[in-house]
Structures are given as structure tokens and as C-alpha cells.
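Colleague: I'm new to this one and don't want to get lost in it. Could you choose a single part, take a close look at it, and tell me how it fits into the rest?

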Amino acid sequence: MSLMAVLAQAGSPAPMAASTLAHYLLVSALLLVIGLIGFVTRRNLIIMFLCTELMFQAAGLAAVAFGRYHLNLTGQTLVIFILTVAAAEAAMALALVVLLFRRKESLNAEEWQDLKG
Amino acid sequence: MLNLIQDTIVHAEPQTLGAASQGAGHAHGQTDWSVAAIVALPLLACVLTGLCAALRVKSKLPAWLTVASLAGAFALTAKTFAAHFMGAESHAFVVHVFDWVTFSWAADVHAQGPQTNELVANFAFYLDSLSALWMLFVTGLATLIALYASEYMSHDQGPGYCRFFAAFSLFVFSMACLVMADNLLLLYLGWEGVGLCSYLLIGYFYKKPSAVAAAKKAFIINRIGDLFLAMGVMLIFVQFGTVEYSVLFEKAKPYIELARAGNFAQIPFVVKLIPCLLMGGAFGKSAQLPLYVWLPDAMEGPTPVSALIHAATMVTAGVFLIARTYPLFLLSEVALPAVAWVGALTALLSATIGMAQFDIKRIMAYSTVSQLGYMFCGLAVLSPSGGVFHVVTHAFFKALLFLCCGAVMHGFAGQLDLRKLSGVMKMPGWRVVGFGMLIGCLNLAGFPLTAGYFSKDMILAEAFVTPGTAVIGWILLLTAGLTAYYTFRVFFRVFVGPVAYEMGDEHHGADHGHDHEHGHGQGHGHAKDHGGGDGGHHQPHAPGWAINTVLATLAVLSLAATGLYFVGGDHGAVARLVDQSSAGFHSPLAHHESGAGQAPDHGAAAGAGRASGHAVVSYVPEFVRARAHQGEVHAGTFFGADPHKAMYFVSAGVGAVGIFVAFWLHLAGRKTAAASRADALLPALGPLPGWAQGKWYVDEFYDFLVRKPLWVLSHILYLIDSYLVDGLVDFVGAAPKAAGKVIRPSQSGELHGYALGMAGGAVILIVIVALVAT
Amino acid sequence: MGELIHPFIVYGFCVLGGAAVCLALPRGGRSPQVLGALAGALIAGLALLALAIKFAPVLPNVYFYIFSLIGVGAALRVITHPRPVYAALYFILTVISTGGLFVLLSAEFMAFALIIVYAGAILITYLFVIMLATQAPQEDQTEVLASYDTRAREPVAASVIGFLLLAVLTTLFFRGVDRLPAPGASDDQALLAEMPRKVETSLRVAGLLREGETVREIDTALGVVRVASGESLREIPRAEWPEGLSVSNVEALGFNLLREHPGAIEIAGVILLMAMLGAVVLSRKQVEMDEEAKRRQAQKLGQTTGGISDVTGPIGGES
């Protein structure tokens with residue numbers, strides 16, 4: 001038995017306790033909140049996007065945890081799509097960030113307030 | 001007698017065309033298109049002159065079109081009159097032109113009394129002797145005055161000329177509708193139409209602020225009267241279910257029977273209210289006491305307008321209204337006394353004002369108001385024939401007087417101040433004007449054997465004959481003296497005496513006849529070409545042929561009107577015509593002396609009632625009923641003499657005194673135009689002459705009573721509007737703006753703020769979900 | 001109700017955590033950042049410990065605590081570290097620990113896919129962009145941090161909102177997980193019936209198949225594989241199966257993905273295509289520098305190298 005087998009309870013996964021699910025969800029929520037706070041507080045565009053990636057992580061973790069609890073693989077499938085969207089978002093967003101940086105020579109998100117009411 | 005109208009009214013049916021015979025006494029007719037043409041011709045003239053304005057005609061074509069049309073209308077009127085109303089016996093008839101207003105609605109089950117559920121007002125003409133007489137002098141005078149105006153208005157050739165004659169023709173059309181209307185609705189149309197034309201023509205010189213103000217004043221004050229008339233018409237419809245005269249008089253018959261029996265208490269209040277409302281309308285249009293103030297100011301209009309509308313025809317519409325609805329006036333015990341008192345007081349008041357004025361046209365205006373008071377008194381003291389006769393004679397001589405004043409005004413560049421004119425008659429070319437003026441003044445003053453003398457006498461005599469109205473008679477007698485005085489004051493100051501004059505500041509004369517371009521932009525372009533102050537060196541120019549012809553014709557007619565008193569039966573042709581109309585069938589005192597003679601015409605019962613003198617009682621208003629109930633009713637006397645006979649001498653004497661006083665004060669020993677012996681007398685009278693010259697400050701009183709409170713009220717309402725209403729509206733507009741101002745900072749344009757808001761929203765949403773889900 | 005933990009304790013932890021995060025956020029200059037970070041980690045640990053004490057009998061794997069602490073701590077560092085490069089590196093740590101948690105959740109494939117795609121691809125892109133979009137430090141500057149990196153924006157409000165959200169979420173979790181339906185038994189080997197070739201290969205490699213024998217039928221319910229050679233039929237019971245003959249996570253995931261979400265795959269493909277096209281279009285776009293940015297740069301250039309101030313003079317003169 002490799003360490004991986006131990007970790008993953010390989011073979012037939014046993015049913016998971018509800019309290020264990022709560023643990024995972026707590027961690028997921030923590031990641032989400034930290035990502036959110038980061039998104040709101042940091043001014044650097046790149047770090048803001050990193051924070052969105054953090055929130056993606058949280059969502060993925062919650063999805064996988066629920067899937068594990070229900071012995072259902074759809075949660076993991078969802079993570080695949082999360083990955084896809086995250087990758088697409090990263091590509092587009094970073095391209096935009098580069099353009100914005102070229103325009104203002106700054107990554108400060110507060111430089112961009114053209115939609116001010 | 002009541003049946004008279006009913007029996008003789010024949011609704012003309014177009015289908016019977018050709019079948020009917022056109023007998024003089026037989027009015028069984030078809031749609032008489034010649035009657036319709038009387039109304040149509042002025043309208044045609046109005047349209048054509050309007051067309052002239054559109055085509056920018058600069059010649060006198062509009063005047064000739066108008067004169068021709070009106071002459072045609074007059075000829076047709078004369079023809080109709082000759083065909084139907086010349087004989088001793090005449091019948092009213094209706095000429096139906098087209099259906100105008102026809103409403104019908106479902107029966108109201110709760111309605112009380114005989115209700116007809118339709119309103120029919122046809123464009124139809126009710127021709128009886130009264131309306132025919134009226135139309136005769138309206139169209140005749142209108143023709144003459146239009147001819148006069150063709151010269152008088154010649155300084156304004158162009159758009160203004162067309163405008164003048166269009167309004168002039170429209171006025172004649174409206175007046176014809178008013179007079180010949182078959183129903184009260186058409187009468188109301190004409191009533192408002194003449195009011196409109198009056199407004200348009202008073203404000204003819206619309207660049208002149210005083211003219212505009214006068215036009216507005218006339219219009220607004222007329223509105224008050226018109227409101228009363230409208231309410232009266234509505235009440236008539238509500239009460240009787242019709243507005244057509246023939247049906248109306250039939251429906252009113254039971255009440256008339258009640259009134260004849262003296263049972264005024266049994267007549268419903270609403271019915272009694274009708275004549276009071278109609279009276280209000282008549283007072284407004286005919287410039288009687290509460291509402292007379294517009295007429296003197298109306299002299300701002302061109303003089304032909306003053307002559308036709310504000311002296312001869314329109315202002316007598318009130319008299320016509322009362323004469324036309326005379327049966328209704330007999331239903332109320334207060335209506336006729338009220339008319340009598342108002343008329344008498346108006347006559348006296350305006351005569352006193354007229355004495356103190358210096359503007360000759362304004363004096364004539366006040367004399368018009370005064371004479372209108374006479375006419376109302378004539379109607380009210382149960383002498384409609386006297387009132388109507390006075391209307392006719394007054395129409396001629398007052399038109400003559402106005403036109404003479406207009407000729408003076410025209411020739412002396414708008415000079416109307418009698419202190420600045422003297423001896424006009426002695427100037428070359430002014431003889432016709434002077435004689436015209438003299439004839440007019442003699443008529444107005446009631447000089448013996450003039451038409452005015454006889455018509456005034458009829459009223460005065462009836463005032464003393466009718467029980468209880470002797471006070472009215474005394475007032476009128478006093479007024480007659482005053483009238484003679486102020487009339488001849490004008491004549492002695494302006495037309496005779498030393499020759500002296502001062503030109504007015506309106507410069508008609510110098511550019512008259514020149515090829516002068518009167519564009520609309522210049523408006524009243526003839527005026528002030530040479531400045532105001534240097535008028536003295538301009539020569540007055542004598543009137544031309546058109547004016548002289550008209551003046552001569554009118555002078556002759558004024559004199560000839562005397563003849564009306566002597567032909568065609570007792571008290572003259574006019575009395576006969578009036579007796580045969582709606583005004584006549586309850587005016588017993590007017591011809592009580594010859595009641596038996598008239599009786600066969602009117603039916604035995606009525607004739608007997610009148611001959612016995614008892615019918616008289618029923619129609620004597622309440623304020624003489626006490627005396628009437630004592631038993632034998634005796635007609636009033638004038639110090640024991642028959643008032644009719646006495647008045648021939650008394651009024652002649654009073655008139656002569658007035659003329660002599662005027663002669664003594666204003667002609668004898670006068671050396672200059674400005675000063676006269678009267679000036680020395682003025683201080684002795686204290687403040688009275690000043691008050692009279694200030695028109696007894698009635699205008700100021702009205703201003704204080706009506707305008708000031710309205711002004712204050714309107715300013716209060718303005719404040720309410722501008723602060724409360726506008727404030728509310730502004731608040732509605734400002735609230736979103738303010739809210740936006742408060743909320744706008746949240747739209748900082750910063751990504752973080754939006755993200756924070758989104759997170760907060762998510763929190764709230766989840767809390768809601770948690771609360772709802774568990 | 002059987003709440004896992006008393007809500008007020010949760011709220012207390014949330015408040016403390018919020019305060020800690022608030023402290024940990026960069027404020028420029030000297031700030032109790034480290035203290036905040038330590039406090040945050042301590043509080044997270046305490047929270048997990050509280051859970052652990054309460055649910056001692058059904059504790060999750062101990063590795064859960066390890067990975068959770070690493071992940072949460074690294075996430076905290078991502079948002080608190082002033083330098084973008086370090087933040088990105090800490091993010092890799094978070095991704096890795098998340099991958100560990102995925103392994104604990106029997107999602108091996110996703111764990112590695114996550115690490116490969118995130119840490120390997122996306123984060124590298126981030127690092128490239130960070131390098132592209134960072135101003136070169138001036139000669140006399142030792143500190144290259146931009147001011148916007150060193151100062152957090154509204155840390156208090158953000159922390160309050162964030163931990164309010166956390167409190168609400170945890171309340172929901174702890175209230176709700178008890179009521180979740182118990183997971184049904186799953187036959188994870190059922191998919192073997194779909195994969196006869198894999199079974200045959202596996203059996204053959206294990207030497208359980210004789211010459212000429214082929215797998216005829218796989219009955220996962222009974223746990224037997226029927227093999228046939230000509231007419232003869234033989235059953236191989238589960239006990240004899242080789243160790244590798246089981247449905248792996250990636251196989252199951254593949255079946256799930258392709259059978260149940262074919263439409264989503266198409267959409268994901270389109271999204272990726274669009275992203276690719278977008279990135280190509282955007283990167284080709286020529287961008288003019290902002291007037292103000294130009295002026296700033298000119299000023300900066302003029303300050304640092306006084307010699308070329310005359311070149312940028314007109315621009316500087318305008319300001």
C-alpha cells in the first residue's frame with residue numbers, strides 16, 4: 001500500500017461522515033472568504049485575479065467534497081469545467097491586464113474609474 | 001289675444017313651394033329665400049371682403065361690396081316688409097332655412113311635468129312686425145353708414161380697410177340672426193356675434209392701447225350680461241322644454257293666465273327668475289346701470305362703428321330682447337319695475353355725466369346710454385310701442401349725430417374737444433354737417449314736432465299713465481331737460497359762435513388722397529406723421545360727397561320719422577307694428593284709449609278684457625298692485641290732465657328750458673372757443689361738476705370693487721401656484737435628482753467598491769435564504 | 001437540533017479570524033502583518049481543533065488538517081504578501097494543498113490535473129504577466145514595490161463583509177450537513193462491465209487466462225468474470241482477480257464526463273477557443289499610452305536623468 005492508497009482510501013471508498021463534509025466545507029468557505037477579502041482589498045490587478053483563482057479553488061473543493069459525500073463523480077467533473085473556465089479567464093484577463101498596464105504604466109485597479117457616476 | 005301668435009304662426013314648409021299664395025296679410029309661405037338672403041348677403045359681403053384682404057386689395061372695393069350687399073339686404077327687407085307687414089293686420093311667419101341643432105334623448109322617468117326630450121333649434125327666421133321693423137332700420141342704417149365709412153375709413157385703405165368692412169358685414173349678419181331668430185339659441189348666436197364684432201371694431205386701432213383696453217372692457221363686461229342671458233335661455237329650456245318662440249309662448253300661456261288673474265304667488269319661482277336673468281343680459285348689451293361703463297369707452301372705435309353698433313343697433317338688442325320676450329316679463333312682479341328703475345337711473349346718471357364731458361363723441365355716448373334708459377323705461381312702464389318707437393327714432397338721429405361728430409373728427413384731425421372747436425358751421429363746406437347736427441340735436445333734445453319729441457313723449461306720458469310709475473316719469477322728465485341742455489351745449493359750442501379751431505393730433509387730412517402706402521406694419525399709419533404738437537397749421541378739410549350724402553339722407557330720415565307717429569293708426573305705425581308682435585300682446589295701457597278699435601284684430605275676449613281696463617291690473621307689477629286692489633283702477637294723470645296731452649306741452653317746455661340754458665351759458669356772448677359763461681358758474685356748484693366729469697368715479701369704484709380684489713386674489717393664487725403647485729412639481733423632479741446625488745458616490749467607478757457591494761448583497765441573500773429555508 | 005458546533009463559537013471564531021486577517025493585510029510601512037498572519041493561522045488551527053475535539057470518533061484523516069492549514073495559511077499569504085511574485089508562489093502552495101485535499105477525497109485525477117493545470121500552466125502565465133507588467137526598478141531604488149501593492153484598500157470593511165459571509169456560510173453548513181441524506185451504497189466496480197478489454201488484459205497479465213480463452217461476460221453484481229474457450233465456460237471469482245483489476249478514478253471520471261456532460265464539454269471547448277482568439281486579438285492590439293501616464297513617465301525620466309529633460313521639456317512644461 002502506497003502512501004497514495006492510504007491517503008485516498010483506495011479501493012472502494014467508504015461512506016463519508018457528515019461532520020467530515022462539514023470540515024471540508026469549512027475549509028472551502030475559508031478559502032472563498034480569504035479570496036474575497038483579497039479581491040476587495042488588494043489594488044494590484046494581478047493579485048486581484050489571483051484572488052479570483054482562490055475562490056475558484058474554494059468552489060472546486062466544495063464540489064469535490066460534496067461529490068465524495070454522495071459518492072458521485074459529477075463533483076469532480078465540475079472541477080474540470082472550473083479549470084477550463086479558470087484557464088480561459090486567466091488567458092483573457094491577463095491579456096487585458098497587459099493592455100491596461102501598457103496604457104497607464106500601472107497595475108493599480110484604482111487608476112481605472114472611467115465608469116464613475 | 002294670446003291665440004294671435006299661435007294662430008298666425010305658420011311653419012313654412014319647403015314642400016309647399018308654389019302652392020301658397022303670397023297675399024299681403026297671408027303669410028302662409030314656403031321657405032322664402034329672399035328672407036334667407038337678408039341674412040346671407042351680409043355674410044357674403046364678409047367673405048368677399050375677407051377675400052379682398054387675402055388678395056391685398058388696396059382700393060375701395062371692400063366698401064362697395066359691403067354697401068352693395070347691405071343695400072341688397074335692405075331692399076329685400078323692405079320687400080318682405082311691404083309684402084307682409086304694411087297692412088293693418090299682419091301675421092308672424094317662420095322661414096325655415098335648415099336644421100341646425102336637433103338633440104333628443106331618452107325619457108327621464110323621474111321628470112316632472114310635461115317634458116319634451118328634445119332640443120330643437122333650427123336655423124329659421126321668425127318674422128313678425130317687430131323683427132321686420134328692426135331689420136328695416138338695421139339694414140337701412142348699415143347701408144348708409146357703410147357708405148359713410150367708405151370715405152371715413154379711406155385713410156386706411158388696404159388690409160385695415162378690408163378688416164373693417166369684414167367685421168362690419170359680420171356684424172350685420174349677426175344682428176340679423178339676433179333679430180330674426182326663430183329661437184333663443186339662434187338669438188344667442190347673434191348676440192355673441194354682435195359682441196364679437198363690437199370687440200373687433202372697438203379694437204380696430206389695435207396699436208392704440210386705449211382702444212385695446214376699451215375693446216377688452218366692452219367684451220368682458222358684455223360677458224357678464226351674456227352669462228345672464230345664457231342662464232336665462234337654459235332656464236327657459238329647463239322650464240318650458242323649448243327655445244322656439246312660438247312653442248315657448250304657447251307653453252307660457254298658463255302662467256300668463258295666472259298673471260292676468262293677479263295670482264303671481266302661483267307662478268313658480270323659476271319662471272319668475274327667467275325674466276330677471278334675461279334682464280341681466282339686456283342690461284349688459286344695452287349698457288344699463290351696473291354694466292354701462294363699457295359703452296363710453298367703446299367710442300375708441302372708428303366713428304361709423306360708434307354710430308351703427310354703439311348707438312343705433314347693437315345696443316338696442318337688449319330692448320329687442322325684452323320686447324321679444326315681453327310675455328315672460330309680465331310673469332314676474334319685480335322684473336319690469338326693476339327694468340324701469342334701472343332705466344330711469346341710468347338715464348339720469350349718464351345725462352349728468354354727459355353734461356360735464358368735453359369730448360363731443362363721449363357726450364354722444366353718454367346720451368346713448370341715457371336714451372337707452374328711456375327705452376327700457378318705455379318697455380317697463382308698459383309702453384313697448386313707445387320704447388320701440390324711441391329705438392327707431394333714436395337710431396336715426398343718434399346715427400346722424402355720431403356721423404356728424406365723425407365728420408368733425410375726420411376733418412379736424414381727430415379733434416373732439418368742444419373747447420377747441422367753434423363755429424364749424426360757418427366754415428366753407430361744413431354746412432351739411434352743421435344742419436345735420438342741428439336736426440340731430442333737435443331730435444335728441446325733444447324739440448317739438450321732431451321724431452324724438454314724439455317718441456319721448458310716448459314714454460313720458462305712459463310713465464305717468466301707468467299707476468305707480470310717476471316717479472319714473474319725473475326722473476325722465478328731469479333727464480329730458482338735462483338732455484336738451486347737454487345736446488345744445490355741444491351744438492352751441494362747436495357749430496355756431498365765433499370761428500376758431502385747433503387741429504387734433506391725428507393727421508388724417510394732409511395725406512388724404514395721396515398715394516400713401518398703408519401697410520399692416522405701419523398699422524395706424526396716418527397718425528403722427530408730422531408729430532403731435534404742430535397740428536395748428538393744417539387746414540381742416542370738409543367732408544366729401546359720401547359723407548354729405550349720408551348725413552343729408554339721415555337728416556331727412558330723422559325728420560321723416562316724425563311721420564311714423566301720424567300714419568298707420570293710433571300712436572303711429574310703430575305702435576301698430578309693436579302691438580302685432582310678441583311685445584304687443586300684453587301692453588294694454590299703450591293703446592287703452594283705442595282698445596275697442598284694435599279689439600277686432602285680436603279676438604273678442606282679449607279685446608273685451610282690455611277695453612274694460614281690468615286686464616291692465618294684472619300686468620301692472622307688484623309695486624302698484626296695492627293700489628290696483630282698491631277697486632276701480634284709474635290710469636294715472638298728470639295733475640289731473642291726460643298725460644298724453646299734457647306731455648306735448650310739458651316736455652316741449654322742459655326741452656326749451658334746456659336749450660335756452662345751453663344758449664345762455666354757451667353761446668350768448670362767447671368770444672373764444674375755450675371759454676364760456678358756464679365756466680364762471682362752475683365754482684358755484686362745488687365739487688359736483690368735477691365728479692360728473694369724472695363720471696361719478698364709477699369706473700374707479702368698479703376697479704376698487706372688482707378689479708382690485710381679483711388682482712389680489714390672482715396674486716395670491718399666483719403665489720400658491722408658483723410656490724405650492726410648482727413646488728410640488730419641482731419636488732417630483734428634484735427628488736430623483738437628490739436621491740441620485742446621494743446614491744451617486746456609490747458608483748465610484750472602482751472595481752473594489754462594486755465587488756464589496758456584491759459580497760454584501762450575497763451575504764444578505766444568503767441570510768434571507770437561511771431564514772426562509774429553516 | 002444537532003448543530004455540529006455552537007453557532008456563537010463559530011461567530012466568535014469568525015470575529016477573531018476577521019480581526020486577524022484585517023491585521024495581516026499590508027498597510028505600507030511597518031504594520032503588525034506577521035502578527036496578524038500568525039494570529040490568523042492560530043485561529044484557523046483552533047477552529048479546526050475545536051471541530052476535532054468535538055468529533056473525535058469520526059475525525060477525518062490527519063492529513064486533512066495538515067493540508068487545510070497549509071492551504072489556508074498560504075491563501076492568507078497570497079492576499080497579504082505585498083509582492084505579486086510571492087503571492088503567485090504562495091498561490092501555488094494553496095493549489096498543491098488543495099490537490100492534497102482532493103486526494104483525500106478520492107479525486108486523484110483531479111488533484112493532479114489541478115496541480116498541473118493551475119500550478120503548471122496558469123500560474124506560469126501569471127508569473128509571465130507579472131514580469132511583463134512590472135516597472136523596472138530605478139537605479140537608486142532598492143524597494144521596487146509599487147505603493148498600490150503595499151497598501152490594502154479598506155481592510156476593515158472588507159474583513160467585516162468577508163467574515164460575515166463566512167459566519168453565515170458556516171451557520172448554514174453546520175445546520176445543514178446533519179440533514180443531508182445518507183450516501184447510498186455505490187457499486188464502483190459496475191463500470192468494469194463496460195471495459196471487457198481492460199479486464200481481459202488485466203487477467204491475461206495476471207496469468208489467469210489460458211490460451212484461447214476470452215472474456216465472455218463480466219458480472220459485477222456477482223463479482224465473476226466468465227471466460228470462454230470455444231464451448232467451455234469458466235468463472236473467475238472476484239477473490240481471484242488481480243489487484244489492478246478495479247475501476248480507477250480517471251476511468252470513472254472519463255465515463256462520467258463523456259456520458260453525462262457531453263454538452264458541457266462542447267461549451268467548454270468553445271469557451272477555450274474564444275479565450276484563445278481573444279487573447280490573440282488583444283495581444284495584437286496597439287495601445288497608446290495615456291496622456292497622464294506619459295507625463296508621469298516623462299517627469300520620472302526627467303528626475304532621474306536630468307540630461308534628457310530638454311527632450312521631454314515641452315511635455316513637462318505643460319504640467
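Modeller: Sure, I'll begin with the chains in brief and then spend most of the time on one corner of chain C.

Keep in mind that this is a predicted model. For the complex, the predictor gives an ipTM of 0.90 and a pTM of 0.62. Chain A has four helices and zero strands, laid out along the sequence as α-α-α-α. It has 117 residues, and 62% of them count as buried. Chain B has 774 residues, 54% of them buried, and its secondary structure comes to 30 helices and four strands. Where chains A and B touch, each gives 10 residues to the contact. On the chain B side, those residues divide into four nonpolar, four polar and two charged.

Now for chain C, where we'll stay a while. It has 319 residues, of which 34% count as buried, and its tally is 12 helices and three strands. If you take the contacts in chain C with a separation of 6 or more, 56% of them come from residues 24 or more positions apart.

Let's start with the strands. In chain C, three strands make an open sheet in the order β1-β2-β3, with antiparallel pairing. The edges are β1 and β3 of chain C, each of which pairs on one side only. Neighbouring strands of this sheet are turned by 25° against each other on average, ignoring direction. As background, the strands of a sheet pair through backbone hydrogen bonds, and the pairing can be parallel or antiparallel.

Next, go through the pairs one at a time. β1(C) covers residues 214-219 and β2(C) covers residues 224-229, and the two pair in the antiparallel sense over five bridges. If you'd like a spot to find on screen, C:Thr214 stands opposite C:Ala228 in β2(C). These two strands form a hairpin with four residues between them. In that turn sits C:Gly223, which has a positive phi of about 75°. On the other side, β2(C) and β3(C) are also antiparallel, this time over six bridges. A handy marker for this second pair is C:Val224, which stands opposite C:Pro237 in β3(C).

So what lies across this sheet? The answer is helix α8 of chain C, which lies across β1, β2 and β3 and runs at about 115° to β1(C). The helix spans residues 196-205, and C:Val199, C:Ser202 and C:Leu203 in it are buried. Looking down the axis of α8(C), you'd find its buried residues within an arc of 95°, so they line one face of the helix. The general rule behind such patterns is that an α-helix has 3.6 residues a turn, so residues three or four places apart point the same way.

What covers that buried face? The cover over the buried residues of α8(C) includes β1, β2 and β3 of chain C, the last of these being residues 232-237. That ties the two pieces together: the helix lies across the three strands, and those strands are part of what covers its buried residues. Turn to the face of α8(C) that points away from the buried side and you'll find the exposed residues C:Arg197 and C:Val205. After the helix comes C:Gly207, another glycine to look at, with a positive phi near 75°.

How far should you trust chain C? Its pLDDT averages 80, and 86% of the residues score at least 70. Within the chain, confidence is highest in helix α4 (residues 84-104), at 92, and lowest in helix α12 (residues 313-318), at a mean of 40. Residues 307-319 of chain C stay under 50 in pLDDT, and the model has 13 contacts beyond four places in sequence for that stretch. I'd read that end of the chain with some caution.

To put the corner back together: three antiparallel strands in the order β1-β2-β3, a hairpin joining β1(C) and β2(C), and α8(C) lying across the strands with its buried residues lining one face.

How values were computed
Residues numbered from 1 in each chain as written. Chains lettered and ligands numbered in written order. Predicted model: local features only at pLDDT ≥ 70, side-chain atom pairs only at ≥ 80, totals over all residues. Buried ≥ 20, exposed ≤ 12 C-beta atoms within 10 Å, placed from the backbone. Contact = placed C-beta atoms within 7 Å. Nonpolar A, V, L, I, M, F, W, Y, C, P; charged D, E, K, R; others polar. Pairing = 2+ DSSP bridges. Arc of directions from axis to C-beta. Axes fitted to C-alpha atoms, helices over the stretch in contact; angles between N-to-C directions. pLDDT = per-residue confidence, 0-100.
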